[in-house]
Amino acid sequence: MKTPFYNGILASLTAKFRLSPPYIAGFDSGSAMLRATAAYLRGQDFPGMGMQPPALEPIADLINKLPRQVKELVYTLGSAGEAIPAEQLGNVSAEVASQWIVSEYPQRQYPAVAIGSASGALVHLCAALDMPWLPQTFMIPVLYPEINPDEPKKAMEWGREKAKPLLDANPELQLHHMYDPNQDRLTLRGMNYFRVKRLRLGETYKHFLESCLPRGGTIFLVECQRTWPTTQVSDRHIFQFGALGGATPQEFLQGSERVAEYLERYNVPKRQWEPPTPDGERPEAEWGFESTLQDDIERFAWERGYHIRRIIFQEPEHLSPFVAELYRWWYKQRGIIANRLLVESFLMLEPMWALRTGSVPFWMKFNMEPSLDWIEHYLENTEPYDEIYMILFSHGVDAVGLPSIERWREVLRRARKRGEFIGMVEDDFPRNFATLIRYYTDLQRVIPARYPVPGSLTLEQLNKFIEQTGNRFPLRWE
């Protein structure tokens, strides 16, 4: 993929049509949650995670019927198809990426703008408040010549060699080379995850704020404080072995019975990984907030007369119970019986249809045990729901910490009247790849209720809800 002039005229032209630069992953939390938020603010829904049109559903159903090995190969090749050759990393431009990000939003005035960590719950909060979100982190998928995902030291050294042009061209970015052979086993056979975090606002984000946020408006700093043991490769270059999900950092680094069983399951001739030795705890690559950006935002806000409000939480899912209860409260204000829960996972979100079906959204970061524990914890501490629907992500790996489909069904049995998966062929989990498209079409088929799209909540209403709920949720508002 040669892009010698992409950062010039072509970049400006494609931004006008809301086309992302070729080096930004579409199949990623940052870009998908940006697209979901922006689609709602444009008055649109969000089919196929913003990438796959519903018309492809018959093809996805056919892929679902293929033998396991063929389905896994399709998943691997599909992921690698988004990646760029490492030789093109010098063409990446943080400012061009920002131009695309802001182009997703209608250019008008907003009461507030959020900047920082990704969270599916934040997508629903932004939809409720009519608030754009500018991500700190985006992902660059890079073609990787090795097909063995169980050699993390080799991957780190490869990244050390390849990353310098990217960092030299973008002094405002910090690279988090994330390598997770547990959950990303299929994708690592063709590519590596280069996640980059903004350390400064940059001219494009500043211009968007000045154009769309009136003086006296509020900038919400979204700060997920989750860290991970990592290895410093060079200045602004960090290697992270493992990621948030089913296995703990200790299991990635020191092994466990579960890791040994997992490696044996995939015919790996070792019983634990041999990663680089970590030298510190740093913001988690995908979800964690790098606080260097905070100083730049606060300085900009002081100069332009904006208010800063911080939303601080430890885990990416910690915002989910707050947003679910906010929606429940909001529905009651509107005279809607708030007895329908829509559980979403990872990239599979639908802010527009959550509101159109009168559903309370609860977002899970993935399909692993911690997410199962968190939705069960929520249900044990809230008023029962009559209906519970669940969109469950499939990533193709029998990973450490993956609950069985039967365990997920137990969540649905907590509904007083009806509990059902959406877009799921249960026997195919976790290789039910058709769900990546069917979640959208099935949601409309399964839930017949329809409500008008409401006007937005005001910041005063948000403050009232926060005052009423006190310290009930694991969040800090500062």
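How many disulfides does the structure hold? Zero, with a disulfide taken as a pair of cysteine sulfur atoms within 2.5 Å. This is a predicted model, in which local features need pLDDT of at least 70 and side-chain atom pairs count only at pLDDT 80 or more, while totals for chains, interfaces and linings use all residues. Residues are numbered from 1 along each chain as its sequence is written, and side-chain values use heavy atoms, with hydrogens and water left out.

**View 1. Cys212, a buried cysteine.** Here the closest cysteine sulfur sits in Cys126, 14 Å from that of Cys212, so the two are too far apart for a bond. Cys212 has a relative accessible area of 2% (buried is under 20%, exposed over 50%, partly exposed in between, with a 1.4 Å probe and protein chains only).

**View 2. Cys224, also without a bond to Cys126.** For Cys224 the closest cysteine sulfur is again in Cys126, but at 15 Å that is too far for a bond. Cys224 is buried too, at 1% relative accessibility.

**View 3. An open sheet of four strands.** The order is E12-E11-E13-E14, and the pairing is parallel (strands are DSSP runs of E, at least two residues, numbered from the N terminus; two of them pair if DSSP finds at least two bridges between them). Strand E12 (360-364) and strand E14 (418-421) stand at the edges with a single partner strand each, so one side of each has no neighbour in the sheet. From one strand to the next, the twist averages 15 degrees (axes are lines fitted to C-alpha atoms, and angles run from 0 to 180 degrees between N-to-C directions).

**View 4. Where E11 meets E12.** Strand E11 (residues 340-345) runs parallel to E12, and five bridges join them. Look for Glu344, whose bridge partner in E12 is Trp363.
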